[in-house]
Amino acid sequence: MGEPRTTLVTGASRGIGAGIARLLLDRGGRVACTSRSGHSAVSEQAGGRTLPIALDLTDPAGPEHAVERVREHWGRLDSLVLNAGVWHGGRLSTMDPDLWWEVVRTNLGGTAALVRAATGLLTRGTEPSIVLVGSVVGEVGFAGDTAYAAGKAALVGFARSLAKELAPDGVRVNVLAPGFVETDMTSAVPDRSRQRIASATLLGRFGTVDEIARAAVFLADDATFCTGSVLTADGGWSL
Ligand SMILES: NC(=O)c1ccc[n+]([C@@H]2O[C@H](COP(=O)([O-])OP(=O)(O)OC[C@H]3O[C@@H](n4cnc5c(N)ncnc54)[C@H](OP(=O)(O)O)[C@@H]3O)[C@@H](O)[C@H]2O)c1
């Protein structure tokens, strides 16, 4: 038997990223789990199959350092799941421009920087793949979400171009676009918006962390004929 599949998951301290890391470990993989503090929600779960890494996507030196840790520790990387993200809402007319750019810079710029740092190691992996966690808000928009939606929509164009650049190296690149899931990120969403989203969702409920994790792992490991695609997992909200 070969070495276990090795994945780096960003934003694995909680929420959707922790769910993705747990599922990959359940499937026998090895997971490098990043968060700003380096805290990993799964470090107790699988002993030597997890590697907690402190990574702040707003730190220009962060991505190189994180990938170097994986290279030193395991010497390989098969899959990259770019899940970390931030949300700050506000209408364009009133939102602080610095905060507006911080959201785009973290969600798009930080993600691109990590891909750049990891590509060399990843192209030597087995059936290598990249999953970018976008958002259905990037597809359909949401009032008060211009910064978040702009960054998430841009990830789709980024992913499709990257899919073309990396196909000759055998790397698949796909986007997962979740709908509303109860996590720390959505805890501040006002009740009025929640009700609007729930009532517009065909399945009549929000998604769970586990459902989104299964979609992410499908794209990362199982969807071997998918590249440049966007998988929407929103219970039909965007239809
Ligand atoms: N929840 C939803 O309804 C929903 C819907 C669509 C898309 N998404 C997307 O799904 C992803 C995960 O969301 P979530 O709901 O699980 O959010 P969450 O509970 O707020 O978790 C966010 C994760 O990102 C990490 N993170 C935040 N800022 C970071 C930075 N500057 N550098 C590095 N890591 C950072 C956090 O780590 P620390 O704070 O511990 O450092 C945490 O692990 C995000 O990309 C989000 O946009 C979520």
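These legends describe close-up views of a predicted model.

**View 1. The residues around the ligand.**
The shell around the ligand holds 29 residues. Those that come nearest are Ser13, Arg14, Arg36, Tyr148 and Thr183. Sorted by class, twelve residues of the shell are nonpolar, twelve are polar and five are charged. Two helices each supply at least two residues of this shell. They are helix H1, residues 15-26, and helix H5, residues 146-166.

**View 2. Polar atoms facing the ligand.**
Which atoms of the protein lie by the oxygen and nitrogen atoms of the ligand? Start with tyrosine 148. A polar atom of the tyrosine 148 side chain is 2.5 Å from a ligand oxygen atom. Valine 181 uses its backbone instead: an N or O atom there lies 2.8 Å from an oxygen atom of the ligand. Aspartate 56 sits by a nitrogen atom of the ligand, with an N or O atom of its side chain 3.1 Å away. How much of the ligand does the protein bury? Taken alone, the ligand exposes 890 Å², and the protein buries 94% of that.

**View 3. Strand E1 and its two partners.**
Strand E1 covers residues 6-9. Are its faces covered or open? Both are covered. Thr6 and Leu8 are buried on one side, and Thr7 and Val9 are buried on the other. E1 runs parallel to strand E2, residues 30-35, and four bridges join them. One place to look is threonine 6, whose bridge partner in E2 is arginine 30. E1 also runs parallel to strand E4, residues 79-82, through three bridges. Here, leucine 8 has leucine 80 of E4 as its bridge partner.

**View 4. From E1 over H1 to E2.**
This view follows the chain between two paired strands. E1, H1 and E2 form a β-α-β unit. The unit is right-handed. Helix H1 also has a place in the view of the ligand, where it supplies at least two residues of the shell.

**View 5. Strand E5, covered on both faces.**
How many residues of strand E5, residues 129-133, are buried? The count is five of its five residues. Ser129, Val131 and Val133 are buried on one side. Ile130 and Leu132 are buried on the other. E5 pairs with E4 in the parallel sense, over four bridges. Within that pairing, leucine 82 has leucine 132 of E5 as its bridge partner. Between these strands the chain passes through helix H3, residues 97-122, in a right-handed β-α-β crossover. E5 is joined to strand E6 as well, residues 172-178. These strands run parallel, with five bridges. Valine 133 and leucine 176 are bridge partners there.

**View 6. Glutamate 127, with a positive phi.**
Glutamate 127 lies in the loop between H3 and E5. Its phi is positive, about 40°, although this residue is not a glycine. Is glutamate 127 buried or exposed? It counts as exposed, because its relative accessibility is 52% and the cut-off for exposed is over 50%.

**View 7. Tryptophan 87 and threonine 186.**
Tryptophan 87 sits in the loop between E4 and H3. Its relative accessible area is 26%, so tryptophan 87 is partly exposed. Threonine 186 is 99 residues away along the chain. In space, the C-alpha atoms of tryptophan 87 and threonine 186 are separated by 8.5 Å.

**View 8. Alanine 198 in helix H6.**
Helix H6, residues 191-200, contains alanine 198. This alanine 198 is partly exposed because its relative accessible area is 26%. How far is alanine 198 from alanine 18 in sequence and in space? The two are 180 residues apart in sequence, and their C-alpha atoms are 24 Å apart.

**View 9. Valine 140 in helix H4.**
Valine 140 belongs to helix H4, residues 137-140. Its relative accessibility is 43%, so valine 140 counts as partly exposed. Aspartate 56 is 84 residues from valine 140 in sequence. From C-alpha to C-alpha, valine 140 and aspartate 56 are 28 Å apart. Aspartate 56 is also seen in the view of polar atoms, where its side chain has an N or O atom 3.1 Å from a nitrogen atom of the ligand.

Conventions. Residues are numbered from 1 along each chain as its sequence is written. This is a predicted model: local features need pLDDT of at least 70, side-chain atom pairs count only at pLDDT 80 or more; totals for chains, interfaces and linings use all residues. Side-chain values use heavy atoms; hydrogens and water are left out. A residue is near a molecule or strand if one of its heavy atoms lies within 4 Å of it. A polar contact is a pair of N or O atoms within 3.5 Å; within protein, one must be able to donate a hydrogen and the other to accept it, and residues adjacent in sequence count only if both atoms are side-chain atoms. Accessible areas come from the Shrake-Rupley method with a 1.4 Å probe; for residues, only the protein chains shown count as cover. Ala, Val, Leu, Ile, Met, Phe, Trp, Tyr, Cys and Pro count as nonpolar, Asp, Glu, Lys and Arg as charged, and the others, Gly among them, as polar. Buried means under 20% relative accessible area, exposed over 50%, partly exposed in between (1.4 Å probe, protein chains only). Two strands pair if DSSP finds at least two bridges between them. A crossover is right-handed if, with the strands pointing away from the viewer, the path from the first strand over the helix to the second runs clockwise.
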